[in-house]
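Please look over the chain displayed below before turning to the report. The sections that follow take up its overall form, its helix and two of its loop residues.

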Amino acid sequence: METVRIVLSFVEAVAFLIVLSIAAIMFVKKERPKPPCDTCEHLIIKRKTRLGPYRYFCTVRQGFDTPPEYCR
């Protein structure tokens, strides 16, 4: 009976450590800010490409691979 209590307390301690580590990871992980083009009103389409991560098409410029710091 004593060994069952020891095993259960060990399992509870491991479960607590897992929950604590998941909470710490979620707290530390920060969301990267979106490029300004993702929220721009001039954006027509944002498409995934083979060569680069994304290709942006907007009413200001025909198309570009990296979003500019600002537009208009």
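## Overall form

What percentage of the 72 residues of the protein chain count as buried? In this predicted model, the share that counts as buried is 8% of the 72 residues. The protein chain exposes about 6,900 Å², and 64% of that area is supplied by carbon and sulfur atoms.

The dimensions of the model can be set beside this burial figure. The radius of gyration of the protein chain is 24 Å, whereas a compact globule of 72 residues would have a value near 11 Å. Taken along the principal axes, the C-alpha atoms of the protein chain fill a box of roughly 75 × 25 × 15 Å. Among the contacts in the protein chain with a separation of 6 or more, 18% are accounted for by residues 24 or more positions apart.

## Secondary structure and the helix

One helix and two strands make up the secondary structure of the protein chain, and their pattern, read along the sequence, is α-β-β. Helix α1 takes in residues 2-28, and because its 27 residues at 1.5 Å a residue should span 39 Å, the distance of 39 Å between its end C-alpha atoms agrees with expectation. The number of buried residues among the 27 of α1 is zero, so the helix lies largely in the open.

## The nonpolar patch

Seen on the surface, V7, F10, V11, V14, I18, I22 and M26 make a nonpolar patch of about 690 Å². An α-helix has 3.6 residues a turn, so residues three or four places apart point the same way. One member of the patch, V11, is found in helix α1 and, with the partly exposed class lying between 20% and 50%, counts as partly exposed because its relative accessibility is 48%.

## Two loop residues

Which loop holds K34? K34 lies in the loop between α1 and β1, and at 59% relative accessibility this residue counts as exposed, the cut-off for that class being over 50%. K34 and I18 are 16 residues apart along the chain, and their C-alpha atoms are separated by 31 Å; I18 also belongs to the nonpolar patch.

Further along the chain, L51 lies in the loop between β1, residues 43-48, and β2, residues 54-58. L51 is exposed, with a relative accessible area of 89%. From L51 to V19 the distance, C-alpha to C-alpha, is 40 Å in space, and the two are 32 residues apart in sequence.

Methods: Residues numbered from 1 in each chain as written. Predicted model: local features only at pLDDT ≥ 70, side-chain atom pairs only at ≥ 80, totals over all residues. Heavy atoms only, no water. Helix = DSSP H or I, 4+ residues; strand = E, 2+ residues; numbered from the N terminus. Expected span 1.5 Å × (residues − 1). Buried < 20%, exposed > 50% of the residue type's maximum accessible area, 1.4 Å probe, protein only. Patch = residues over 30% accessible without salt bridge, like charges linked within 9 Å, V, L, I, M, F, W, Y side chains within 5 Å. Areas by Shrake-Rupley, 256 points an atom, 1.4 Å probe, with all protein chains shown as cover. Salt bridge = Lys/Arg side-chain N within 4 Å of Asp/Glu carboxyl O. Rg over C-alpha atoms; globule rule 2.2 N^0.38 Å. Contact = heavy atoms within 4.5 Å.
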